[in-house]
Amino acid sequence: MVTICIASQKGGVGKTTTALNLSHSLSKRGWKTLLADLDPQGAIAFSLSERARQAAGYCQFADGSSPFDSLLLKTIVPTLKILTNGSKLPIGPKSESSEEDRKGIESLLQAASAAEFEVVVLDTPPGLSGISKGALSHADFILAPQQAEPLASRSVGRFFEALKELAELTGRQTPAAVLITMLDPSQAESVQVANELWNTLPPETILDTVVARNPIFIEASAKGLPLALLRPHPPAAALIFDQIAAEIEARLSLKKPDDEENVITDYLDL
Ligand SMILES: Nc1ncnc2c1ncn2[C@@H]1O[C@H](COP(=O)(O)OP(=O)(O)OP(=O)(O)O)[C@@H](O)[C@H]1O
Ligand SMILES: [Mg+2]
């Protein structure tokens, strides 16, 4: 099982959007996927439905009041399940990662592995402390959405510094990459920022795929759907998440046994 943690220091950069759409793509590509919302603001549930908003989730698992299996929400994709946050308190993110957070995430990943999930995607609140720090410490891959806007390079620099400090603390070096989001090709500043990131970051720390700014994301979020399910013929922006999934699979060497066995040798069906 691999754990992908979606995190960033800043809020509103596209973490939840990425977590939902990437989880959908990974599950469609055949991975038994769990999307777990670690944000006490319950962003995933808010981007889904009223039923999801009422559902118990991670908090009830972590406090031992509900068993893991009973908390998983099925989706219309059989390979994708969702664990909402389930927080009933109007709390903001905590500043320090407590022992409780670390234990909660450890138990969550143990339960997910026992339930034979192959990929776990963790959506986190903004900031790299509190529960986010716990999630980052247990991840196999860290994806950092970064809005293509001025000052991005500075915040990306700080992000990697924070990861370095965390690695020193945990003794665990985790691959991490920036995903440029909300790129506006019609805006010179936005393009300039993306170029700056491509030119300054080592290639292993930035994905090739970029998510453009597109009002369709707001429409999908209002309907509580991944972009790919918005219409029978998904918009181009939805396919970007398949590409991101494929990039992450390659970086994590995630392969299905039949990837090598079931190779097509004849394109014609004669
Ligand atoms: N590529 C995009 N183009 C246009 N709007 C987008 C795009 N990606 C996300 N959005 C919108 O931007 C807003 C913030 O996105 P999102 O909630 O995913 O960010 P976040 O990083 O999870 O925020 P938070 O830090 O508060 O959890 C949402 O309204 C979302 O629909
Ligand atoms: Mg969010």
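This is a short dialogue on reading the sheet, the core, the ligand shell and one loop residue of a predicted model.

Visitor: Let us begin with the sheet. How many strands does the open sheet have, and in what order?

Guide: Read a sheet by strand order, then by pairing sense. Here the open sheet has eight strands, in the order β3-β4-β2-β5-β1-β6-β7-β8. Its pairing is mixed.

Visitor: Which strands stand at the edges?

Guide: Look for strands with one partner. β3 and β8 (206-212) each have a single partner strand, so one side of each lacks a neighbour in the sheet.

Visitor: Now a strand inside that order. Is β5 buried or exposed?

Guide: Count its buried residues. In β5 (residues 119-123), five of the five are buried, so the rest of the structure largely encloses this strand. Then split the side chains by direction. V119, V121 and D123 point one way, while V120 and L122 point the other way. All of them are buried.

Visitor: Which way do β1 and β2 run against β5?

Guide: Check the bridges. β1 runs parallel to β5, with five bridges joining the two. In that pairing, T3 is opposite V120. β2 (residues 33-37) also pairs with β5 in the parallel sense, over five bridges. There A36 is opposite L122.

Visitor: How many bridges does β6 form with β1 and with β7?

Guide: β1 (residues 2-6) and β6 are parallel and share three bridges. I6 has L143 as its bridge partner in β6. β6 and β7 are parallel too, with six bridges between them. L143 also stands opposite A177 in β7. To get from β6 to β7, the chain passes through helix α8 (residues 152-170), and this β-α-β crossover is right-handed.

Visitor: How many residues of β6 are buried?

Guide: β6 (residues 141-147) is mostly covered, with six of its seven residues buried.

Visitor: What joins β7 to β8?

Guide: Three bridges do, and the two strands run parallel. L183 is opposite A212 in β8.

Visitor: Next, the core. How many residues does the largest nonpolar core have?

Guide: Start from the general idea. Nonpolar side chains tend to be buried together in soluble globular proteins. Here the largest nonpolar core has 67 residues. Those with the most contacts inside it are C5, L35, A36, V120, V121, L122 and A135.

Visitor: Take A135. What does A135 touch?

Guide: Leave out residues up to four places away in sequence. A135 then touches C5, A7, L38, I105, L122 and T124.

Visitor: On to the ligand. How many residues surround ligand 1?

Guide: Read a shell by its closest members, its elements and its classes. Ligand 1 has 18 residues around it, and the closest are G11, K15, T16, T17 and F217. Two or more shell residues come from each of α1 (15-28), β7 (176-183) and α10 (216-223). By class, seven are nonpolar, eight are polar and three are charged.

Visitor: One loop residue to finish. Where does V77 lie?

Guide: V77 is in the loop between β3 (73-74) and β4 (80-83).

Visitor: Why does V77 count as partly exposed?

Guide: Count C-beta neighbours inside 10 Å. Buried needs 20 or more, and exposed means 12 or fewer. V77 has 15, so it counts as partly exposed.

Visitor: Which residues does V77 touch?

Guide: Again, skip residues up to four places away in sequence. V77 touches H24, S27 and K28. K32 is 45 residues from V77 in sequence, and the two are 9.9 Å apart, C-alpha to C-alpha.

Note on methods:
Residues numbered from 1 in each chain as written. Chains lettered and ligands numbered in written order. Predicted model: local features only at pLDDT ≥ 70, side-chain atom pairs only at ≥ 80, totals over all residues. Core = buried A, V, L, I, M, F, W, Y, C linked by C-beta atoms within 7 Å. Contact = placed C-beta atoms within 7 Å. Near = placed C-beta within 6 Å. Helix = DSSP H or I, 4+ residues; strand = E, 2+ residues; numbered from the N terminus. Nonpolar A, V, L, I, M, F, W, Y, C, P; charged D, E, K, R; others polar. Pairing = 2+ DSSP bridges. Right-handed = clockwise from strand over helix to strand, strands pointing away.
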